[in-house]
Structures are given as C-alpha cells and as structure tokens.
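Work through these exercises with the sequence and the 3D view side by side. Try each task before reading its solution.

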Amino acid sequence: MTAQKIDGKEIAAQLRGRIGKAVAGLQAAHGKTPGLAVVLVGEDAASEVYVRNKGIATKAAGMTSYEFRLPADTPEDALLDKVRALNAEPDVNGILVQFPVPAQISQQRVIDTIDPSKDVDGLNPANAGRLVSGLQALTPCTPLGSVILAKETLGELSGKHAVIIGRSNLVGKPVAQLLLNENCTVTMAHSRTADLPAMCRQADILVAAVGIAELVKGDWVKPGACVIDVGINRIDAPEKGLDDKGRGKTRLVGDVDFAAVSEIAAHITPVPGGVGPMTIACLLKNTLTAFCRQNGFEEPEV
C-alpha cells in the first residue's frame, strides 16, 4: 500500500476561497468588513514570516489586516494594555498575539486578557471550557484544520477510533474534543502511555502532535489508517551539503516517519504541505465567525 497524500495546500486554498466569497457577500449586505489584529513582540525570524503570511492571507480574503510590532523589551503591562485597547476597538474582530513572546511576558496572562469573543487562536480558558462543554466557541486553528483534513479525506468520521499522541492545550486536548464532537471514539496517548506503539496500531485516525521528529514508525500504524501529522521539526540534512556560511543544512520533518508510514497507511499528511497551510485558513475562518457573532449576522457556511 502507498498512502494517498492529503493535500493541505489545496484544501486550505479552497477554504480560503470560500471565506473570501463569504466576506464579499457580507460586505455587500451590511457594508462591514472583518478585521484581524496581529501583535508581534520582538524580532523572532520565524514569527516574522508567520505574521507576514497571515497579513497576506487576511488581505487576500478581503479582510482588514492590522499589524502591531512592539520591541522585544516591551513590558508585560504595556502588551496587556495594547490587548485591552484592541478588545475595545469595534473594527477589530479577531486578536492574535504571535507566540512565543519574550521571557518577561507571561503567555498565559496574554491569553487570559484577550476578549474570548475575539480570541481567534481559541486559547482563552473561556473558549476551551465552552468547547469541552459542547457549546459555541472559537476553536484553536491547528486542531480545527486537522479535523477538516480528516473529514475532507474520510467523509463521515462517526464511529472511528481516533488516537491522539500529545496532550497539549494547543493541539492534543482540543483535537480530541473536536473528534469527540464528530462521534469518534477517542484515546489520548502521551509520554507516559504504556506500549505506545500498540495503542497507535488501534487507530483508524492517528493524530501525531508530540514534537518529536519521526517518532511514529511504520509498525506503529494500522493498515489503512488515516494519519494526521501535526509535527514540525527541523533536523540535520547532510545530503544537502552546507549553506553559504559553512553550516550544515537542515530539512523539515513531522512527528511521523513519512516514508515508512506511507507504506502502511491509506492517507497521510506530508510535512510541509499538510496541516500547516490549514492553520492560517482556519484563522481566517475564526475571524469570519467572530465577526458574524459580534455583529449578530448569520454565519455563512464555508
């Protein structure tokens, strides 16, 4: 068996297109435009790229993009004051503070300060609690994207056994809840799980979100499974030689041994090009959702 690659780029592009059409329709009907504010503290190179890509995608969807860049030595209180000001700004429907933040700032205090109705990262405890309770909530983008990929690939998820490796608040816990909402039977696995490979072999849907490069081997996977690889890890790539500074080049891999697992699974997300593109698309989806709920508009189906 050679697994079918789940094309996250294409599925994300289709989702962004539907969001753009919905935004245009809402503008025509109500004369209002969704607005997303992204705050970056410091000059982390990877974060700079993420913020730039988010701004491009936001504008391409017909939304208003607000970017705020603060110096790395910004005090925590100053950042929290900025978040509170954005909470009060009616033209801002979604707020995202790019993580990680510098050491003097508590990430949790930032999350707690964002208005839950504008929390398009879905990390505020109010949204996490509502998700667990089966209530209307904004959902973390990467878990939402992962479940969309599984549904696009498999269709009906009801009754399937999903095993999630990783129990983080960012991915593991919310993706488990979303799959429960799809009527899956869900098993949470983690570093203390006894016989982790045997547990994974039970999965119809295996979600790897643990942050260990190529942890999941071919013999961990049930034949015909759908494997969603959330991991993004950079490893040495001696076969690529040296860069212009004489340093060894690297390459990106997931938490899954892609070559080995592709021989066993029926469907698998590549890294890059799988879950990653869905994260920004789902950020736009959450911004559209927040915009509609804040204004009392009917939410378009995207």
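The exercises below treat helix packing, empty space and backbone geometry in this predicted model.

**Exercise 1. Classify the packing of α1 and α10, and give the handedness of the crossing.**

Solution.
- Step 1: Take the geometry. The axes of α1 and α10 lie 8 Å apart, at an angle of about 20°.
- Step 2: Classify. Angles under 35 degrees count as roughly parallel, so α1 is roughly parallel to α10.
- Step 3: Assign the hand. α1 and α10 cross in a left-handed sense.
- Step 4: Find the contact residues. α1 contributes residues including I11, L15, I19 and L26, and α10 contributes residues including M278, L284, L288 and F291.
- Step 5: Sort the contact by class. The contact of α1 with α10 has 15 nonpolar residues, one polar and three charged.

**Exercise 2. Repeat the analysis for α2 and α10: which class does their angle fall in?**

Solution.
- Step 1: Locate the helices. α2 covers residues 45-60 and α10 covers residues 275-295.
- Step 2: Take the geometry. Their axes come within 10 Å and cross at roughly 50°.
- Step 3: Classify. An angle of roughly 50° makes α2 oblique to α10.
- Step 4: Assign the hand. The crossing of α2 and α10 is right-handed.
- Step 5: Find the contact residues. N53, K54, A57 and T58 of α2 meet I280, L283 and L284 of α10.
- Step 6: Sort them by class. Four are nonpolar, two polar and one charged.

**Exercise 3. Describe the second largest pocket: which element gives the most to its lining?**

Solution.
- Step 1: Size the pocket. The second largest pocket has a volume of about 670 Å³.
- Step 2: Look to its centre. There are 27 lining residues, and L144, I148, K285, T289 and E301 are the closest to the centre.
- Step 3: Assign elements. α1 (8-30), α6 (141-154), α7 (172-181) and α10 each give two or more residues to the lining.
- Step 4: Pick the leading element. α10 gives the most, with six residues.
- Step 5: Sort the lining by class. It has 13 nonpolar, six polar and eight charged residues.

**Exercise 4. Find the enclosed space: how many cavities of 30 Å³ or more are there?**

Solution.
- Step 1: Count. There is one cavity of 30 Å³ or more.
- Step 2: Size the largest cavity. Its volume is about 50 Å³.
- Step 3: List the lining. The residues are I95, L96, V97, F99, I111, I114, D119, D121, L123 and N124.
- Step 4: Assign the largest share. Strand β4 (residues 94-97) supplies three residues.
- Step 5: Sort by class. Seven lining residues are nonpolar, one is polar and two are charged.

**Exercise 5. Locate the cis peptide bonds at P100 and P272, and the positive phi values at N183 and D195.**

Solution.
- Step 1: Recall the background. Most residues other than glycine have a negative phi, and most peptide bonds are trans.
- Step 2: Check F99 to P100. The bond is cis, with omega about 10°. P100 sits in the loop between β4 and α4 (107-113). F99 also lines the largest cavity.
- Step 3: Check V271 to P272. This bond is cis, with omega near -5°. P272 is in the loop between β11 (267-268) and α10.
- Step 4: Check N183. Its phi is near 70°. N183 belongs to the loop between α7 and β6 (185-189).
- Step 5: Check D195. Its phi is about 50°. D195 falls in the loop between β6 and α8 (196-200).

Methods. Residues are numbered from 1 along each chain as its sequence is written. This is a predicted model: local features need pLDDT of at least 70, side-chain atom pairs count only at pLDDT 80 or more; totals for chains, interfaces and linings use all residues. Side-chain values use heavy atoms; hydrogens and water are left out. Axes are lines fitted to C-alpha atoms, for helices over the stretch in contact, and angles run from 0 to 180 degrees between N-to-C directions. Helices (H or I, at least four residues) and strands (E, at least two) are DSSP runs, numbered from the N terminus. Angles under 35 degrees count as roughly parallel, over 145 as roughly antiparallel, 65 to 115 as roughly perpendicular and the rest as oblique. A crossing is left-handed if the near helix is turned anticlockwise from the far one by less than a right angle, and right-handed if clockwise. Contact means heavy atoms within 4.5 Å. Ala, Val, Leu, Ile, Met, Phe, Trp, Tyr, Cys and Pro count as nonpolar, Asp, Glu, Lys and Arg as charged, and the others, Gly among them, as polar. On a 1 Å grid over the protein atoms alone, a cavity is a set of points where a 1.4 Å probe fits but cannot get out, and a pocket is an open set with protein on both sides within 12 Å along at least five of seven lines; lining residues have an atom within 4 Å of a point. Grid points are joined across faces, edges and corners, and a volume is the space filled by probe spheres set on the points.
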